[in-house]
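Please open the model in a viewer and keep the selection panel at hand. The tour proceeds stop by stop, with a selection to make at each.

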Amino acid sequence: MNRIVIHYSEIALKGKNRRQFEGALIRHVRAALGPLVSEVRKQQGRLVCKPNPQADPQRVREILACIPGIVNFSLGHSAPKDVVSIGGRAVNLLAGREFTTFGVKTKRTDKQFPMTSEEISRAVGASILRGLKGKQVDLRAPDLWLYIELTGKEATLFTDKYLGPGGLPVGSSGDVMVSLSGGIDSPVAAYMLMKRGCRAIFTHIRNETQFSGAVSDKIEKLVEVLTRYQLHSTLYQVPFGDLQRRIIAFVPADHRMIIYRRCMMRILNQLAAKDQAKAIVTGDAVGQVASQTLSNLQCIQEASQLPVLSPLVGMNKDETILLAKQIGTFEHSIEPYPDCCSFMIAPHPETRGVLDLVKQFEANIDGLEELLLEAVENVERLEFS
Ligand code: ATP
Ligand code: MG
């Protein structure tokens, strides 16, 4: 490998913003690959990187597969821009590979080149047939495709395309505040927004029992995994013990969950305002648990000034689990921990919250505003890279 070719699509469609999107992607790729590459440059609707000779291809693949905005990428080889050289390089490249049938696909953005894509493919195919014994061309379902791209000053050859997350580069859509529990859903929700170009800031509302150390470890592990997709993350952990106790003292058990989550919304909004995040992100999916009926979601979200984005809203649990496994958060999410809400969950929580009643209960809580302020003041902040 002496070239890495990175394809993006959606960001190419963004008209005037295109430069900004490409800039964000280039910065991310540069920072993520670091010393593995000596150069990353834009070349006619794609990025081309020069890997350092000792760069481990496996490592490069792991890194690029996590960068939002990348649709697919390939580890390839360069050749001078003439069919004889390309043919020779193709033979070298395929000599060690096991295959019988093959096809060649050429893309040519250099329209000055004296041959059409079709002609180049045929000429290189012929070189391969001459250079390697027992091979056949099959353009329908070959064992192996050889891709050739002619752009700029050289040709690039590669055989395998690896998928990236697609979507938009992180940082191109602004910041969001993610409400991160230790569960399966909210880390996936964060990933979905990062894939749409948002930088995620994380807030965990911390239950304060004797187990809080274990929960904290788990949350940090989750943020570490999610940081692969955006390079740098901030995690806020907010003490919630005093608020919990106060809510228990003043609110009937069946309504505690709703009020608990309304308080979380207020805390999230205050932290978001400080960091200029534009929305709150939660892992809610309609109907999944008691707090996620439409009436309860209405009661909870009413406490937020910022829009609340819940990208899993229409997903089934098994679909979310599949994604959690793919992005690497699942194994941490299922580590046992005392659910922050468990001692507040009533055996029969209200599933049809009525906003007026919820507000009445809330108004009864002594000193709620002070406790909310205190919680925000005592936030702990951690940075991840
Ligand atoms: P998850 O798997 O994300 O925990 P869940 O299906 O268990 O979701 P709930 O526990 O009702 O559902 O939580 C719904 C959403 O509320 C979570 O996805 C998360 O965004 C937010 N949330 C719940 N608990 C906390 C917490 N302790 N700190 C921050 N956010 C939380
Ligand atoms: Mg949960």
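How much space lies in the second largest pocket? The answer for this predicted model is about 260 Å³.

**First stop: the pocket.** Select Arg59, Ile63, Thr227, Arg228 and Leu231, which lie nearest the centre of the second largest pocket among the 13 residues that line it. Then colour helix 1 (18-33), helix 2 (57-64) and helix 6 (212-227), the elements that each give two or more residues to this lining. Helix 2 gives the most, with 3 residues. By character, the lining of the second largest pocket comprises 7 nonpolar, 4 charged and 2 polar residues.

**Second stop: Lys221.** Stay on helix 6 and select Lys221, which lies in that helix. Is Lys221 buried, partly exposed or exposed? Lys221 has a relative accessible area of 32%, and is therefore partly exposed. Display His332 and Glu335 as well: both are in contact with Lys221, neighbours within four places in sequence being left aside. A C-alpha to C-alpha distance drawn from Lys221 to Thr329 should read 8.6 Å, although these two residues are 108 residues apart in sequence.

**Third stop: the largest nonpolar core.** Select Met177, Phe240, Leu243, Ile259 and Ile267, the residues with the most contacts inside the largest nonpolar core, which has 35 residues. Which elements supply at least two residues each to this core? They are strand 11 (199-206) and strand 12 (233-239), together with helix 7 (241-250), helix 8 (253-274), helix 9 (294-301), helix 12 (355-364) and helix 13 (368-377). Helix 8 provides the largest share of this core, 11 residues.

Centre the view next on Ile267. Beyond its neighbours within four places in sequence, Ile267 is in contact with Ile205, Val238, Phe240, Leu243, Leu372, Ala375 and Val376. Apart from the largest core lies another, of 30 residues; to find it, select Val170, Ala189, Ala190 and Leu226, which are among its members.

**Last stop: the cysteines.** How many disulfides does the structure hold? It holds 0. Select Cys49, which is in no disulfide; its nearest cysteine sulfur is that of Cys66, 15 Å away. Cys49 has 0% relative accessibility and so counts as buried. Cys66 is likewise in no disulfide, the nearest cysteine sulfur being that of Cys49. Cys66 also counts as buried, because its relative accessibility is 11% and the limit for buried is under 20%.

Notes:
Residues are numbered from 1 along each chain as its sequence is written. Chains are lettered from A and ligands numbered from 1 in the order in which they are written. This is a predicted model: local features need pLDDT of at least 70, side-chain atom pairs count only at pLDDT 80 or more; totals for chains, interfaces and linings use all residues. Side-chain values use heavy atoms; hydrogens and water are left out. A nonpolar core is a set of buried Ala, Val, Leu, Ile, Met, Phe, Trp, Tyr and Cys residues joined through side-chain atoms within 4.5 Å. Buried means under 20% relative accessible area, exposed over 50%, partly exposed in between (1.4 Å probe, protein chains only). Helices (H or I, at least four residues) and strands (E, at least two) are DSSP runs, numbered from the N terminus. Contact means heavy atoms within 4.5 Å. A disulfide is a pair of cysteine sulfur atoms within 2.5 Å. On a 1 Å grid over the protein atoms alone, a cavity is a set of points where a 1.4 Å probe fits but cannot get out, and a pocket is an open set with protein on both sides within 12 Å along at least five of seven lines; lining residues have an atom within 4 Å of a point. Grid points are joined across faces, edges and corners, and a volume is the space filled by probe spheres set on the points. Ala, Val, Leu, Ile, Met, Phe, Trp, Tyr, Cys and Pro count as nonpolar, Asp, Glu, Lys and Arg as charged, and the others, Gly among them, as polar.
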